[in-house]
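The report below follows charged side chains, enclosed space and a few backbone features through one protein chain. Please read it alongside the sequence and the coordinates.

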Amino acid sequence: MVDGSRQYVSTFIAGFGEMVSDALKQKLANVVVETLLDGLILYRSTSPVGDVQKLRFANNSFLSLRAETHPTIDRVEPIVRRLFERADLAPAATVTAAKQVRTFRVIISKENATVAVDPALLAGVEKKIAHQLKLTVRRALPDVEFWFLLRREGLCFFGVRMTALGKQRTRKYAPGELRQELCHLLCLLSEPSGKDVVLDPFCGSGALVLERLHNFPVRHILAGDEDPTLVATLQRKLARQRNVTVAQWDARALMTVAASSVDKIITDPPWGFFKGETIDFALFYTEMLAEFARVLKPGGLAVILVGRKDEFAQALAALAGRFEPLKEYHVLVSGKKAAVYKLRRLT
Ligand SMILES: C[S@@+](CC[C@H](N)C(=O)[O-])C[C@H]1O[C@@H](n2cnc3c(N)ncnc32)[C@H](O)[C@@H]1O
């Protein structure tokens, strides 16, 4: 253990464990990963709470006050009792001392579902937290949450949640808009560089474009969609950005994009769930990949989130020789099975 390190837990989109582990080591100091589960990582770092709160690829992050492994989590109450008895509450003050934090609640989660415990046990936990950290219990919309989280694999921790403190509300998303955490991971996967010309040919609301523009260096971003309303909205939003061009187009025929002019494609093609879409996905993906091969520079990267893995595999086979598949991640997006492919354009 590095002196002065704290123990943290971050949750993330299932399927991205390896990437999240690498990203933590890039963003935080002296990271030691203690346990990596699907969608959850327990680690130590000497970085302060504020740096962990800023991680854009984590769904939630916690300062851990006690973590243990149990052979079974069938009986919740003895585990909660034991974690609490052995926890040191004092470090939680680094989170709860923020001036917007006055009220709290306790959440007990077993296998990703909230569970109830003996009211006397809960009351005892609440009383001690309230007294020691000078907070007031508020079970609806509190400023901060203390979590007991028990995972099927046996990892159990008690910690204070560091995300969405005080009046910070959880962000609202438009239908089909990708969440910030996923956009950030897809951008990271594209190995961002300030020299990049980046293309998102299915930009929709522009979530990927905005994430790349505001959180990574970039030379120019080309974005477009076939839907004129979405295009007009994004054009308005980005009117002052000189290094972003937004156009209406069919992504299978990008007339305004020159051959071999793009360094990175980061995109989320249609999934077939909206507007009664009836798409021959194998054909659609094949035409799309052929166009991506034309506009990408040799060696350029494409990071593509797809909802139809089988049809994408067929399209990739049809384009064999144009792309080298580098990575494939199987992920869950809004409860739906999906995959992320990272491809390199061959010369
Ligand atoms: C899954 S959504 C992308 C959502 C986007 N990532 C976001 O966060 O808002 C796919 C988008 O592709 C667009 N689209 C469908 N077919 C297209 C085509 N042939 N060419 C360009 N855009 C197309 C749809 O209008 C939709 O906005």
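In this predicted model, Glu-181 is buried, with a relative accessible area of 6%. Its salt-bridge partner is Arg-179, with the closest N and O atoms 2.9 Å apart, and Arg-179 is partly exposed, at a relative accessible area of 43%.

**Salt bridges**

The count of salt bridges in the model comes to 18. Side chains of opposite charge can pair when their charged atoms come close. Three of these pairs are set out in the table, with the N to O distance and the relative accessible area of each partner.

| Pair | N to O distance | Accessibility of acidic partner | Accessibility of basic partner |
|---|---|---|---|
| Glu-145 and Arg-161 | 2.9 Å | Glu-145, 8% | Arg-161, 15% |
| Arg-179 and Glu-181 | 2.9 Å | Glu-181, 6% | Arg-179, 43% |
| Asp-263 and Lys-297 | 3.0 Å | Asp-263, 15% | Lys-297, 25% |

The side chains of Asp-263 and Lys-297 meet in a salt bridge of 3.0 Å, N to O. Because Asp-263 lies in strand β13 and Lys-297 in strand β14 (residues 296–306), this pair ties together parts that are 34 residues apart in sequence. Asp-263 counts as buried at 15% relative accessibility, whereas Lys-297 is partly exposed at 25%. Elsewhere, Arg-66, Glu-68 and Arg-82 are joined into one network by salt bridges that share partners.

Glu-145 and Arg-161 form a salt bridge whose closest N and O atoms are 2.9 Å apart. This pair links distant parts of the chain, with Glu-145 in strand β8 (residues 144–150) and Arg-161 in strand β9 (residues 155–161), 16 residues apart. Glu-145 counts as buried at 8% relative accessibility, and Arg-161 is likewise buried, with a relative accessible area of 15%.

**A buried acid without a salt bridge**

What is the nearest side chain of opposite charge to the buried Asp-268, and how far away is it? That side chain is Lys-336, 11 Å away, and Asp-268 has no salt bridge; because a salt bridge requires a side-chain nitrogen within 4 Å of a carboxyl oxygen, the separation of 11 Å leaves Lys-336 outside the cut-off. Asp-268 lies in the loop between β13 (262–267) and α9 (281–295), and its side chain makes a polar contact of 2.8 Å with the side chain of Trp-271. When residues up to four places away in sequence are set aside, Asp-268 touches Gly-176, Leu-178, Asp-200, Phe-202, Leu-208 and Leu-305.

**Helix α7 and the enclosed cavity**

Two of the residues touched by Asp-268, namely Asp-200 and Leu-208, also belong to the lining of the largest cavity. A search of the whole structure finds 1 cavity of 30 Å³ or more, and the largest cavity has a volume of about 40 Å³. Its lining consists of Val-198, Leu-199, Asp-200, Leu-208, Val-209, Arg-212, Ile-221 and Ile-266, with β10 (197–200) and α7 (207–215) each supplying at least two residues.

Helix α7 is largely enclosed by the rest of the structure, because 7 of its 9 residues are buried. The buried residues are Ala-207, Leu-208, Val-209, Leu-210, Glu-211, Arg-212 and Leu-213, and they pack against α6, β10, β11 (220–225), α8 (228–237), β12 (244–248) and β13.

**The second largest pocket**

The second largest pocket has a volume of about 210 Å³, and the residues lining it include Glu-18, Met-19, Asp-22, Leu-188, Leu-189, Lys-327, Tyr-329 and Lys-342. The elements that give two or more residues to this lining are α1 (17–27), α6 (180–189) and β15 (323–333), and the largest share, 5 residues, comes from α1.

**Backbone and surface features**

Asn-112, in the loop between β5 (103–110) and β6 (113–114), has a phi near 70°, a positive value in a residue other than glycine, and it counts as exposed at 64% relative accessibility. Leu-141, found in the loop between β7 (136–137) and β8, also has a positive phi, near 45°, and counts as exposed at 56%.

Leu-283, in helix α9, is partly exposed, with a relative accessible area of 46%. The C-alpha atoms of Leu-283 and Ala-318 are separated by 9.8 Å, although the two residues are 35 residues apart along the chain.

Technical notes:
Residues are numbered from 1 along each chain as its sequence is written. This is a predicted model: local features need pLDDT of at least 70, side-chain atom pairs count only at pLDDT 80 or more; totals for chains, interfaces and linings use all residues. Side-chain values use heavy atoms; hydrogens and water are left out. Helices (H or I, at least four residues) and strands (E, at least two) are DSSP runs, numbered from the N terminus. Buried means under 20% relative accessible area, exposed over 50%, partly exposed in between (1.4 Å probe, protein chains only). Lys and Arg count as positive and Asp and Glu as negative; His and the chain ends are not counted. A polar contact is a pair of N or O atoms within 3.5 Å; within protein, one must be able to donate a hydrogen and the other to accept it, and residues adjacent in sequence count only if both atoms are side-chain atoms. Contact means heavy atoms within 4.5 Å. On a 1 Å grid over the protein atoms alone, a cavity is a set of points where a 1.4 Å probe fits but cannot get out, and a pocket is an open set with protein on both sides within 12 Å along at least five of seven lines; lining residues have an atom within 4 Å of a point. Grid points are joined across faces, edges and corners, and a volume is the space filled by probe spheres set on the points.
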